[in-house]
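Open the model in your viewer and keep the selection tool at hand. This tour goes stop by stop and says what to look for at each one.

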Amino acid sequence: MLIVTERDLTPTARRPRPRTYLMCAPEHFVVEYAINPWMDTTAPVDTALAVKQWDVLRQTMVDLGHTVHVLTPQAGLPDMVFAANGGFVVDGVAYGAKFRYPQRADEAAAHRAFYESRDEYSFVAPTQINEGEGDFAYLPDAHGGIALAGYGFRTEPAAHAEAAEALGRPVISLKLVDPRFYHLDVALTVLDDENIAYYPGAFSEASQKVIAQLFPNAVIADEADALAFALNLVSDGRNVVINTESTAFADKLTAAGYHPVLVDLAELKKGGGSVKCCIAELRD
Ligand code: ARG
């Protein structure tokens, strides 16, 4: 006989874990070149509004109990606000970024200087093109601790092997096939230490099979969710910071036992990014 207790029916209590993040204010944010389909150099950008929205995001992370470090924004590097692209940190090892496009190349040095100035991180310089947490994600409790890595538009598959060697963790390569979802972090997100959410259509059929095998309990996003940049979220295991356009997906997260926290980042969407793009997680 199957006995179902009340406990089985309650959604798992989601527990937050305090995090350390790195962000960079969009003081110099403009769209003056287009390196992804979201960027339109003819659409006006309100930099002051972008800074205001970003600051609400920063304060939200602080209010949730997290530590936020900031980089000094540099004139001439308008995409520096997308701090997630500057490296990938696991167990205190910071695998540096090497940007695909020359317009962003100089951002890597600012991130490197940050890691090298702090004792808690050891920096590994990359030889292969990779855009940090734009294309890398880490799950400490899935399969003993694995990284997921995207390729197809920005990061080179050879960087996945380089990251595995730098970090001593398995790195699962996933092929992105839709140019609107040019980074892993607009197609897939880590919700807690062991589970993810993703939009299957952003991946090759083979990669969809890989993800389904590894994460049978993943939360599935649809195309509308992905286009709202719902997957470009930051979760502490319970509180899920997500943009205000993504209310439909926020409802799915609530149903899965998470607690969505909505922030408006509409101005930064003009650069092709949202919450996660603005926030690198520093895992000591
Ligand atoms: N304009 C930037 C680029 O195309 C946006 C980066 C978004 N960042 C991210 N982590 N997806 O490189």
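Select D91 first. D91 is partly exposed, because its relative accessibility is 44% and the partly exposed class runs between 20% and 50%. This is a predicted model, so read each stop as a computed picture. D91 sits in the loop that joins strand 3 (87–90) to strand 4 (93–96). Now check its backbone. Phi is positive at D91, about 50 degrees, although the residue is not a glycine. Most residues other than glycine have a negative phi.

**A second positive phi**

Go to F229. Here too phi is positive in a residue other than glycine, with a value near 60 degrees. F229 lies in the loop between helix 6 and strand 12 (234–235). Is F229 buried or exposed? F229 is buried, because its relative accessible area is 1% and the buried class ends at 20%.

**Around the start of helix 6**

Stay with helix 6, residues 223–227. Select D222. It is in the loop between strand 11 (219–220) and helix 6. D222 counts as partly exposed, at 36% relative accessibility. Now add F249 to the selection and draw a distance between the two C-alpha atoms. D222 and F249 are 27 residues apart along the chain, and their C-alpha atoms are separated by 8.6 Å.

Step on to E223. This residue lies in helix 6. E223 is partly exposed, with a relative accessible area of 35%. For a long line across the model, pick L64 as well. The C-alpha atoms of E223 and L64 are separated by 29 Å. Along the chain, E223 and L64 are 159 residues apart.

**A side-chain contact in strand 13**

Select N239. It belongs to strand 13, which covers residues 239–243. N239 is buried, at 10% relative accessible area. Which side chain does the side chain of N239 contact? Show H259: the two side chains make a polar contact at 3.0 Å.

**The loop before helix 5**

Next, select S204. You will find it in the loop between strand 10 (196–198) and helix 5 (205–214). S204 is buried, with a relative accessible area of 15%. Add E27 and draw the line between C-alpha atoms. It spans 37 Å. S204 and E27 are 177 residues apart along the chain.

**R154, on the way to the ligand**

Now select R154. Its place is the loop between strand 7 (146–151) and helix 4 (157–167). R154 is buried, with a relative accessible area of 3%. Bring in R100. The C-alpha atoms of R154 and R100 are separated by 5.8 Å, although the two residues are 54 apart along the chain.

Keep R154 on screen and show the ligand. An N or O atom in the R154 side chain is 2.8 Å from an oxygen atom of the ligand. Protein covers 100% of the 350 Å² of accessible area that the ligand has on its own.

**The ligand site**

Add two more side chains. A polar side-chain atom of R104 is 2.7 Å from a ligand oxygen atom. For N36, a polar side-chain atom lies 2.8 Å from an oxygen atom of the ligand.

Now widen the selection to the whole shell. There are 15 residues around the ligand. Which of them come nearest? Select R104, H183, D185, G271 and C277. Color the shell by class: five residues are nonpolar, six are polar and four are charged.

Finish by hiding the ligand and switching on cavities. What does the space taken by the ligand turn out to be? It is the largest cavity.

Methods
Residues are numbered from 1 along each chain as its sequence is written. This is a predicted model: local features need pLDDT of at least 70, side-chain atom pairs count only at pLDDT 80 or more; totals for chains, interfaces and linings use all residues. Side-chain values use heavy atoms; hydrogens and water are left out. A residue is near a molecule or strand if one of its heavy atoms lies within 4 Å of it. A polar contact is a pair of N or O atoms within 3.5 Å; within protein, one must be able to donate a hydrogen and the other to accept it, and residues adjacent in sequence count only if both atoms are side-chain atoms. Accessible areas come from the Shrake-Rupley method with a 1.4 Å probe; for residues, only the protein chains shown count as cover. On a 1 Å grid over the protein atoms alone, a cavity is a set of points where a 1.4 Å probe fits but cannot get out, and a pocket is an open set with protein on both sides within 12 Å along at least five of seven lines; lining residues have an atom within 4 Å of a point. A molecule sits in a cavity or pocket if more than half of its atoms lie within 2 Å of its grid points. Ala, Val, Leu, Ile, Met, Phe, Trp, Tyr, Cys and Pro count as nonpolar, Asp, Glu, Lys and Arg as charged, and the others, Gly among them, as polar. Helices (H or I, at least four residues) and strands (E, at least two) are DSSP runs, numbered from the N terminus. Buried means under 20% relative accessible area, exposed over 50%, partly exposed in between (1.4 Å probe, protein chains only).
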